[in-house]
Amino acid sequence: MLNVRPEMKVIYTSILIVFLLFLLLPMGTLLLRSFETAEGYSLTNYYNVLSNSELLTAFVNSIKISGLTAIITTILAFMIAYALNCTNIYRPLKSVIKMGILIPMLLPTITYGFAIMYSFGNQGLITQLLGKPLFDIYGFNGLLMGYVIYTLPAAFLLINNSFMYIDKKFIIVSKLMMDGSMRSFLNTIIRPMLGALGGAFVLSFILSFTDYGIPASIGGTYSVVATQLYQVMLGSIPNFNHGAVIAVLMLVPALFGVVLLNYLERFNFHYDKFSQIEMVENKIRDIILGFISIIVLMGMLSIFLVMFIAPFLTSFPYDLTVTMQHFINVFTSNDLTAVYKNSLIVAFFTTVVGIILAYSSAILNTRTGLKGRVAFDVVSMITNTLPGMVLGLSYLLLFNGSSLKGTFTIIIVCNIVHYFTTPYLMAKNSLSKMNPSWETTGGLLGDSWFKTVYRVIIPNSASTVIEMFSYYFINSMVTISGIIFLVSAQTSLVSSKIKELQHFAKFNEIFVLSLLIFFTNLIVKLICDYLQKKQSVKNF
Amino acid sequence: MLKLENISKQYHSKVVLENINLEIESGEIVSLLGQSGSGKTTLLNIILGLTKMDNGRILFNDQDLTNVKMKDRGFNIVFQDYALFPHLTAYENIIYGLKNKRGSVSEAELQEYIDFLELKPHLQKKIGELSGGQKQRVALARTLVMKPKILLLDEPLSALDGVIKESIKERIKSIAKEFQLTTIIVTHDPEEALTLSDKILIIDQGNISQFGTPQEIIHHPKNEFVKEFILKQLQIKRQNIFQLFGEQYA
Amino acid sequence: MKRMKWLTFLLIGLAILLAGCGGNAASGEGGQVVIYSNGDEEAIKAMEQSLNGAGYEGKYIIQSLGTSELGGKLMAEGSKIEADLVTMSSYFLESAQQQHSMFRDLGFQTHSLEEYPAFYSPVLANTGALFFNTAMIEQKGLEVPKSIKDLADPSYKGLVSIPNIMDSSTGWTLIQAIISEYGEDEGKKIMAGVIENAGPHLESSGSGSIKKVQAGEVAVGFGLRHQAVEVKKSGAPIDFIDPVEGNFSITESVAVIDKKNEKTDLALEMAEVLITDARKDLITYYPVPLYEGETVDEDNKASNNKTFSEPLTVELLEKHQSFFNSAK
């Protein structure tokens with residue numbers, strides 16, 4: 001490990017100050033405010049909130065629907081990952097499924113609700129095709145559908161990733177040991193995947209428990225915690241102390257989830273080695289799994305289909321003449337183009353500053369002997385636990401009187417902290433795999449530490465930096481839960497503007513803006529993927 | 001007797017194996033020797049039944065196995081990295097298959113295998129606690145209790161240290177003798193192949209370069225490839241060792 | 001050199017975070033007058049046009065909010081609110097002024113038909129009415145409703161859309177109509193029936209129900225009268241009815257937050273433009289005369305105008321909200 005240099009300490013201290021100011025302080029304030037009453041500090045707020053039957057119902061509802069979402073999502077994500085990793089399905093089809101399943105990640109969750117409405121509502125596209133409405137979409141059904149679509153990509157990525165690290169040779173061994181299909185499946189797939197499956201369940205649960213966009217658009221009369229929190233904070237009779245209590249209570253399942261994840265970690269297999277091997281041929285298995293994957297994918301995409309159709313029509317579903325008017329309206333409206341510009345600004349600064357922060361933290365953590373470098377792991381665990389709404393709310397409470405209120409900065413900082421964990425872990429993972437003696441070698445060849453970082457470390461992790469870029473950018477384009485308490489008239493973003501447009505039921509504008517986000521993200525993603533590919537070709 | 005007739009295999013129009021003909025007698029140890037990419041592993045997988053061949057037939061004791069599924073062929077394999085279940089103990093791994101094939105091996109026979117492979121002290125250990133050689137022996141035991149008709153070994157020695165390597169070599173030889181078990185080994189190391197097996201099949205770019213006993217290969221190399229890539233390596237090794245010990249030890 | 005570059009790069013990044021200038025993209029627009037409005041699409045459009053016409057284009061920014069959201073902000077933040085100028089339901093302005101004394105007197109002559117406090121003046125009035133989708137009524141074999149009470153009839157189950165008084169002031173006109181006509185006790189039963197029939201179609205926006213009726217999601221709705229007139233004129237299968245309980249109205253007014261800076265003066269000028277210039281358009285969308293010399297055509301004259309017996313205040317609203325919730 002490298003000797004500690006003064007410049008490392010400077011960076012270390014600066015980063016810690018950032019997290020002190022924008023993570024620990026807001027959290028402390030939140031906790032304090034939740035106990036604050038007119039007569040000093042007490043548990044009265046908690047008592048009031050927990051004895052409010054409406055809020056309690058919202059909590060029970062949230063737990064119920066998030067639990068169900070988590071079960072459905074985990075099963076679907078597992079089946080699709082299984083189809084991609086353990087079958088001989090036609091390869092190009094596998095790539096299509098793998099790409100397609102990630103599409104919802106490019107859209108803000110608030111859009112899902114409108115897409116569902118325009119697909120399954122009484123006059124929706126799918127309803128029209130089928131002739132009659134399938135089910136009542138407002139409330140439970142719509143929420144469930146939205147949550148599943150929202151959590152599926154994340155759960156899929158997690159499960160698919162662990163699938164790649166499973167040694168498929170065990171399937172062959174199990175076959176040769178004359179296992180029946182059930183025992184073989186349990187021992188070679190389910191058992192090594194237990195940790196990942198549990199992780200996917202917890203992740204889906206927390207994501208749906210804390211999402212604001214979907215219930216805001218399609219919640220109907222089914223009240224959930226996120227909408228209740230919004231109403232308590234920004235409704236007709238705002239009560240910041242009660243809001244703080246709800247936020248703290250919202251943290252409880254997230255905390256519980258992290259504890260559970262750590263417990264599940266023990267079930268993860270660590271194979272010495274894993275190798276690619278041919279899959280045993282089984283046509284029926286391939287056909288069934290391929291079919292399921294395609295159905296899930298098509299189901300998901302068909303819901304978004306309307307988004308690509310409706311804004312091109314005069315007035316879906318009544319006047320189906322093709323028009324570009326809605327696009328022209330959006331692009332000629334100062335208001336909407338300004339909002340799009342705002343989103344780009346926020347995404348850009350979030351990404352650049354976020355990468356610097358996460359990358360520096362990871363370097364200090366993995367490649368220096370700095371005392372207290374574990375602090376970053378602790379920070380990343382905390383940010384992983386924090387729902388965006390809770391973080392945003394705590395900023396509102398702490399910075400409401402300050403000059404940060406209503407600025408882009410506060411939104412950017414919120415995004416950076418909210419999404420810190422994943423880019424940090426990406427950087428950490430790639431940096432820790434690099435040869436540990438590069439800095440020493442660089443030093444012996446006359447480089448300063450910064451110079452080695454600049455000349456050796458960064459070029460060798462370029463692909464990771466690109467991945468971090470794509471993650472930060474896309475997430476800050478789509479987030480709504482994190483920023484809903486922080487936007488102002490002058491810093492309005494596309495995702496919060498959609499909420500405003502919803503108020504006027506301007507669905508075409510909503511879809512046009514969603515498409516703008518979608519294509520922006522798609523382009524960023526494709527460019528990043530291309531650059532990453534080029535990087536990896538260059539390195540081998 | 002295992003007989004391969006005209007076996008060919010292509011992957012995406014790239015020829016991997018071409019017209020392989022081969023006869024292996026019962027109880028023989030045969031090594032498939034070749035460089036990486038030569039097709040030796042594909043041939044092993046074809047014999048195992050994992051990979052489908054494009055042309056040709058496989059006969060075992062005059063029975064046509066060409067279209068018999070992997071599971072029903074009755075062959076078994078020990079993979080290079082052993083593929084032991086990490087959540088089970090050594091003993092649980094050994095008896096893993098017996099749960100599916102009750103009564104095929106008696107308690108006494110099982111003990112015999114365990115004693116033969118000297119695994120008694122390690123039975124209750126988790127896989128992670130075993131050394132490389134111990135893992136190799138557990139994997140062998142797990143496979144042997146299934147009483148395979150042919151034992152396939154994929155690079156059985158490559159993950160082992162020097163001394164253990166020699167002892168496992170002896171172990172494989174004695175297994176073949178003790179249980180009259182036809183054994184097919186994939187390896188890229190000429191020394192290993194020539195000192196371990198009764199016969200060696202040298203494969204080069206999907207074709208049989210030479211098939212014969214170690215003596216035949218050493219003394220009558222059939223072509224340039226065998227001379228250049230197989231014998232030369234051994235000669236250099238011999239040279240180095242002679243230099244170390246002095247000629248008198250030859 | 002490269003070392004310095006990297007070092008400065010890092011420090012600049014941290015400085016951005018710490019100093020909070022965040023790319024400073026906001027500062028360029030810092031001089032704009034911020035207008036918060038609970039107005040509908042048409043109202044906002046009319047206000048924008050009049051402001052642009054008076055040469056204020058680019059000097060202001062309008063943020064639309066739900067009535068309850070904006071009300072909450074006014075009550076919670078007082079004059080610290082981001083906005084320099086608001087257009088908002090009058091009863092909320094009254095309560096906010098009472099609590100925070102946050103508005104500046106307008107100080108110009110308005111010639112309004114009625115007397116208003118010095119710190120606000122109405123920009124528009126909203127009137128509630130019933131409307132229905134003629135095609136749906138026929139298709140489902142329903143009777144055309146004559147009163148709000150009719151909407152509680154079980155035959156309309158799942159086919160009714162009403163605005164929610166918790167979020168929308170249009171929803172309040174519905175409650176006012178029910179309570180004035182039937183009193184609280186009988187009113188509660190009718191309310192319960194209507195809510196039951198509306199199910200998920202309880203709209204947070206005053207214009208939500210006409211959209212649902214127009215889209216064929218439901219057959220009948222209660223909402224803004226002028227919107228129904230408009231939609232009917234456009235040729236959609238929509239018709240409207242003035243309910244026997246009466247047409248109740250809510251006014252929305254403009255007020256200027258007294259921030260004691262130069263933007264306040266500019267906001268005052270804009271407020272005057274809104275009352276003088278924007279009214280010409282606003283009255284066509286919200287055809288209720290508020291100032292001397294204003295006229296509307298026959299279609300847009302509600303046949304059964306009524307006002308609630310008590311003055312409209314936030315306290316009364318809260319009372320009516322709890323009436324609504326207890327009927328759920």
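Two strands count as paired if DSSP finds at least two bridges between them. Keep that in mind for the first exercise; the model you're looking at is a predicted one.

**Exercise 1: a strand pair in chain B**

Work out in which sense β9(B) and β10(B) pair, and what lies between them.

*Solution.* Start with the count: β9 (residues 199–204) and β10 (residues 207–212) of chain B share five bridges, and pairing needs at least two. Their sense is antiparallel. For one facing pair, look at Leu201(B), which sits opposite Phe211(B) of β10(B). Now go to the turn: the two strands make a hairpin with two residues between them. In that turn, Gln205(B) has a positive phi of about 50°.

**Exercise 2: two crossing helices in chain A**

Classify how α15(A) and α22(A) lie relative to each other.

*Solution.* First get the angle: the axes of α15 (residues 334–367) and α22 (residues 462–478) of chain A come within 8 Å and cross at roughly 140°. Angles over 145 degrees would count as roughly antiparallel, and 65 to 115 as roughly perpendicular. The two helices are therefore oblique to each other. As for handedness, the crossing is right-handed. Next, see who touches: the contact includes Gly354(A) and Ala358(A) from α15(A), and Phe469(A) and Tyr472(A) from α22(A). Sorted by class, this contact has 11 nonpolar, five polar and no charged residues.

**Exercise 3: where the chains meet**

Find which helix gives the largest share of chain A's side of the contact with chain B.

*Solution.* Begin with the totals: 18 residues of chain A contact 18 of chain B. On chain A's side, the elements giving two or more residues are α8 (169–176) and α9 (181–210). The largest share, six residues, comes from α8(A). By class, chain A's side has nine nonpolar, one polar and eight charged residues.

How values were computed. Residues numbered from 1 in each chain as written. Chains lettered and ligands numbered in written order. Predicted model: local features only at pLDDT ≥ 70, side-chain atom pairs only at ≥ 80, totals over all residues. Axes fitted to C-alpha atoms, helices over the stretch in contact; angles between N-to-C directions. Helix = DSSP H or I, 4+ residues; strand = E, 2+ residues; numbered from the N terminus. Parallel < 35°, antiparallel > 145°, perpendicular 65-115°, else oblique. Left-handed = near helix turned anticlockwise from the far one by under 90°. Contact = placed C-beta atoms within 7 Å. Nonpolar A, V, L, I, M, F, W, Y, C, P; charged D, E, K, R; others polar.
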